[in-house]
Amino acid sequence: MGIRHHGPGSARSVVRALALLQPTVVLVELPADCEAALAWVGHEQLQPPVALLGHVIDQPQRAAFLPFASFSPEWQAFVWARAHGVPIRAIDLPLQLSLAGGAADGDGAGDGELLLADHPVGDPIAALAAAAGDPDPERWWEDVIEHRGDGAPAFDAVAEAMAAVRGGWEAGSVREARREAYMRQCLRMALADGHQRIAVVCGAWHVPALAMPLPPATVDARTLRGLPKVKVGVSWVPWTHRRLAFATGYGAGVRSPGWYAHVFAHPGPEGVARWFVGAARLLRDRGLPASPDHLIAGTRTATALAALRGRPRPGLVEVLDAADTVMAGSTGLALIERELVVGDAIGEVPEGAPQVPLARDLATQQRKARLKPQADAHTLELDLRTPLGRSRSALLHRLQALEVPWGAVQEGRGSSGTFRETWGLRWEPELTIRVIERAAHGTTVQVAATNRLLERAAATTALADLIAVLDVAMLADLGAVVRPVVARVEAQAAHDPDVVQVIEALGPLARALRYGDVRGTDATALRNVFDGLVVRVLAGALMACRSLDDDAAAAMVERLAGVQAALALTDHAARRAEWPAMLTIITERTDVHGLVQGRAARLLHDGGAWKRAQVGNRVSRALSVGTPPAVGAAFVEGFLAGSGTVLVHDRELLEVIDAWVSALAPDAFVSTVPLLRRTFGAFEQAERRQLGLLLADQARATGSGFGADVDAARAALALVTVRQMLGVPQ
Amino acid sequence: MTLTPPQHTVLRPHAEHEFAHELAALAALDTHERPPNWRLSPWAVVTYLLGGTLADGTVVSPKYVGRRRLIEIAVATLATDRALLLLGVPGTAKTWVSEHLAAAISGDSTLLVQGTAGTAEEQLRYGWNYARLIAEGPSAAALVPSPIYRAMERGSIARVEELTRMPGDVQDALVTVLSEKTLPLPELGSEMQAVPGFNVIATANDRDRGVNDLSAALRRRFNTVVLPLPADIEEEVAIVQRRVAELGTALALPAVPASNDEIRRVVTIFRELRNGATADGRISLKVPTGSLSTAEAISVVTSGVALAAHFGDGHLGAADVAAGIVGAVVKDPVHDAVAWREYLEAVVRDRSEWGEFYEACREL
Ligand SMILES: Nc1ncnc2c1ncn2[C@@H]1O[C@H](COP(=O)(O)OP(=O)(O)OP(=O)(O)O)[C@@H](O)[C@H]1O
Ligand SMILES: [Mg+2]
């Protein structure tokens with residue numbers, strides 16, 4: 001039976017022909033060493049689309065995927081044989097041999113994947129269809145082969161056509177020659193075993209090579225003699241329809257797997273109407289209009305188009321043309337294309353089926369965490385106060401550590417230190433191969449992730465990289481990583497001459513400590529390191545702030561803010577005494593850039609270390625005649641830190657700045673205008689408007705004070721909500 | 001009671017007359033099934049529109065040059081008795097395709113309602129002969145049928161041009177006609193039921209969108225086919241060439257070889273200006289306000305041919321088309337004039353073989 005890989009028409013013909021022929025053995029074009037895995041076909045949890053994955057044991061990146069959809073003829077042959085208790089034999093060249101070749105043979109496709117079919121005519125059925133003037137090989141098969149009668153005669157026609165297409169072509173590449181020799185050897189074996197009725201399901205292209213009578217066995221035996229071998233592991237992996245659209249394994253990419261699955265499931269004439277019903281449901285789900293009238297019109301137009309084009313029944317082209325004209329201009333068309341023509345289907349593999357240990361453990365963890373791999377992008381909200389939320393988060397972060405990016409934390413929403421974490425998830429089948437690549441790191445997700453992180457830590461001496469590893473380890477709840485890496489951080493911080501690196505490490509470390517609190521991990525070791533780093537920062541900060549140019553000053557300003565935030569996040573003792581003292585020195589030193597001075601003053605203001613009067617004094621000193629206008633302007637920029645809020649609320653401060661600007665000599669004004677413009681231009685529009693009104697005396701400062709007549713009972717009600725929002729216990 | 005003189009003397013014969021021989025040949029050879037009251041099978045209608053050579057050697061000229069798929073969808077739509085809406089920017093052959101479809105399917109392209117802001121419901125349904133109405137009271141004899149009424153009566157295709165220019169409530173008079181295929185006649189206490197074969201082809205202009213947008217109820221009764229501007233320059237040159245030759249014959253112009261180079265130049269200029277960039281994508285251009293479709297290219301070349309025949313040297317040259325091009329491009333005296341001047345100086349002047357054309361334009 002010469003088939004078209006992933007052709008629903010071929011699949012239907014195969015089933016019909018098998019029922020007619022009642023063979024005693026079914027031979028399938030499939031690497032022989034995949035045969036054992038076929039025992040799983042028929043297991044109710046093995047749901048296509050799935051793929052067989054063969055990989056070289058020590059080099060998992062050398063691998064071949066063999067995908068099967070429900071409408072793949074091979075899959076249907078497996079299912080039929082299993083259901084009828086007929087043995088299946090895989091007759092293609094074993095992966096042990098084909099994966100041994102390596103790139104030297106020129107048969108390794110990109111990305112370490114292997115394309116198994118490499119005959120000169122790509123898809124021979126497509127070539128025949130094209131010769132007959134039909135761009136759609138499946139429809140051509142439908143029209144020409146299927147409608148000739150039942151299964152068996154169809155295959156005779158295919159064999160005939162293929163003999164003509166191949167002409168005198170003898171398996172050209174060495175690989176093809178070996179494959180066909182191997183297939184013939186298997187066929188001889190089945191004959192020798194006394195089988196009378198043998199069904200062979202293979203790509204149409206190979207049919208002439210397997211035609212009876214077979215040539216002498218000795219030639220084939222010679223072709224196959226002495227080939228190099230590698231050890232290969234074979235496992236079942238879930239696949240997706242979207243992935244089928246890529247060229248891999250047998251057969252080229254299938255452009256419309258969703259449609260094929262539909263055609264296979266509903267071959268009858270009612271299939272078109274059903275398809276439109278499915279389309280309408282999809283559209284309504286997304287809030288787009290789709291009335292029964294549209295369905296009727298679509299079905300009728302598709303049918304009329306098929307008649308006009310001389311097709312026995314509408315194919316994908318007619319169905320899409322009809323949808324196009326009935327719903328012209330609707331945004332739903334792209335949706336239909338994506339979800340129905342290609343589709344989001346994802347397969348399933350039973351627990352016990354052959355898998356690499358790491359993949360099996362991953363499946364177990366996924367089940368425990370009640371996280372099912374899904375092919376479409378979706379978001380997941382985790383509440384880290386619940387055990388389930390924590391375990392899910394840990395699993396996802398462990399995969400992150402293993403560089404198996406199932407998803408990513410969505411920035412801005414799952415911010416640090418809160419109880420909430422938002423993930424954007426999407427499972428791509430190639431992640432399976434990443435899992436297998438990591439198999440060498442351990443047999444469970446936890447062990448493998450631990451080893452991978454330790455490996456990363458060992459490979460770096462940069463403090464920031466080490467902190468990044470620690471960060472992941474805390475999130476992924478990998479205690480075994482924390483201790484050794486903390487020791488490395490300590491050693492590194494002590495020796496690192498550059499205090500800037502230490503400052504930059506502070507922020508992530510503080511966050512890691514905070515996660516620890518949120519997730520209830522023991523973080524004593526981490527806290528000790530943090531304390532050590534704070535001491536170093538206090539000792540080196542002034543040095544780091546002196547003699548900076550504009551760019552370096554701009555970077556330093558952010559670092560100072562980072563230190564203050566880190567101290568606040570961890571509620572560190574230095575926050576109350578040593579750090580403000582340090583900032584006071586920084587803001588007073590004349591060899592410190594104006595921008596940095598300004599920001600230091602602002603941090604003192606924000607941290608509550610300086611009273612309002614003190615702040616006002618410092619600002620007016622920076623803006624008095626003794627200070628060069630350029631330095632003053634930089635001070636203002638640093639002090640305001642990109643926002644006008646402080647001015648809106650502090651009338652006095654605003655007046656100080658207003659007075660300074662008004663008093664600038666014309667020359668000084670001109671030279672400071674660009675700086676001032678940059679400062680005030682960064683404010684929110686609303687802030688600018690409000691400041692304008694304040695200065696024009698049209699508005700009163702809206703301070704944060706309340707009147708004397710606050711209604712305590714009503715305020716308490718609001719407080720309940722605020723507490724809830726902030727996660728503060730009532 | 002038609003006012004049409006015998007066909008060979010009219011300026012622009014209807015499609016069913018001009019291509020009567022093609023239609024007859026198709027009908028004679030057509031073995032495919034015909035929907036009720038269709039003169040031809042859907043297959044033959046598609047062949048009539050797209051052209052081909054028949055078994056008996058008759059050559060059917062292509063009427064529409066473009067994607068086969070579009071015409072197939074249009075014909076299949078009419079075969080399902082759903083109404084057809086042809087949409088597109090001006091000059092994309094909507095009217096032209098609609099006329100030929102009606103001619104091929106019903107043998108009559110004249111059942112036509114021209115949509116304007118002043119179109120009234122009577123023009124879509126029926127009116128009254130008031131003298132009779134007053135004398136005899138409401139009767140079938142006093143009723144003045146609209147083209148749509150007549151199409152329903154005969155099982156023909158009715159055409160509605162520029163549907164979106166009609167006021168919305170007038171458009172909605174079509175809803176019952178299209179969904180029930182009946183026209184209530186309350187004054188006579190009866191109704192008009194359409195004979196099979198009746199259908200409506202409407203055209204609407206993309207640029208007018210938003211003027212009187214179709215109501216959802218009406219829209220749902222139509223399948224929409226969007227006619228695009230020609231995909232590439234070769235296709236567009238072929239269309240212009242063919243139509244210029246046909247029009248030349250119809251207008252009895254002395255045979256002037258419409259030089260391919262001249263046509264290509266007109267088409268190139270129009271394509272570049274409406275795309276806002278030169279063909280090689282190097283220079284971006286201001287887009288003039290007017291529509292510079294294939295239809296405009298055809299008329300520029302045709303009038304160029306007339307100029308050459310009557311006032312020129314009998315050959316279509318740069319000077320013959322220059323005036324037409326400028327006239328077509330410059331619709332808005334300010335914006336378009338600037339666009340044209342920039343194009344002339346930045347693009348035309350630098351093209352080595354366009355020197356004569358450049359001079360001709362400068363002299364205008
Ligand atoms: N793709 C094409 N094939 C054949 N002829 C074409 C094509 N495009 C344009 N034409 C020609 O353009 C001319 C104008 O077309 P037509 O009047 O039908 O345009 P339209 O779309 O109805 O424009 P409008 O929106 O202004 O009414 C016709 O003579 C037609 O032959
Ligand atoms: Mg028109």
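These exercises work through a ligand site and two backbone features.

This is a predicted model, where local features need pLDDT of at least 70, side-chain atom pairs count only at pLDDT 80 or more, and totals for chains, interfaces and linings use all residues. Residues are numbered from 1 along each chain as its sequence is written, chains are lettered from A and ligands numbered from 1 in the order in which they are written, and side-chain values use heavy atoms, without hydrogens and water.

**Exercise 1.** Find the residues that surround ligand 1.

*Solution.*
- Take every residue with a heavy atom within 4 Å of the ligand.
- The shell holds 17 residues; Val65(B), Gly91(B), Lys94(B), Thr95(B) and Trp96(B) are the closest.
- Now look at the domains, whose bounds come from an automatic or database assignment. Domain 1 (7-226) and domain 2 (233-363) of chain B both contribute to the shell, so ligand 1 lies between them.

**Exercise 2.** Which polar backbone atoms lie 2.8 Å from an oxygen atom of ligand 1?

*Solution.*
- Search for polar contacts, here pairs of N or O atoms within 3.5 Å.
- Gly91(B) supplies a backbone partner at 2.8 Å.
- Trp96(B) also supplies one at 2.8 Å.
- For Ala93(B), the distance is 3.2 Å.

**Exercise 3.** Locate the cis peptide bond at Pro49(A).

*Solution.*
- The bond joins Pro48(A) and Pro49(A), with omega about 0 degrees.
- Most peptide bonds are trans.
- Pro49(A) is in the loop between β2 (25-31) and β3 (50-56) of chain A; strands are DSSP runs (E, at least two residues), numbered from the N terminus.

**Exercise 4.** What is the sign of phi at Arg370(A)?

*Solution.*
- Phi is positive, near 50 degrees.
- Most residues other than glycine have a negative phi.

Methods. A polar contact is a pair of N or O atoms within 3.5 Å; within protein, one must be able to donate a hydrogen and the other to accept it, and residues adjacent in sequence count only if both atoms are side-chain atoms. Helices (H or I, at least four residues) and strands (E, at least two) are DSSP runs, numbered from the N terminus.
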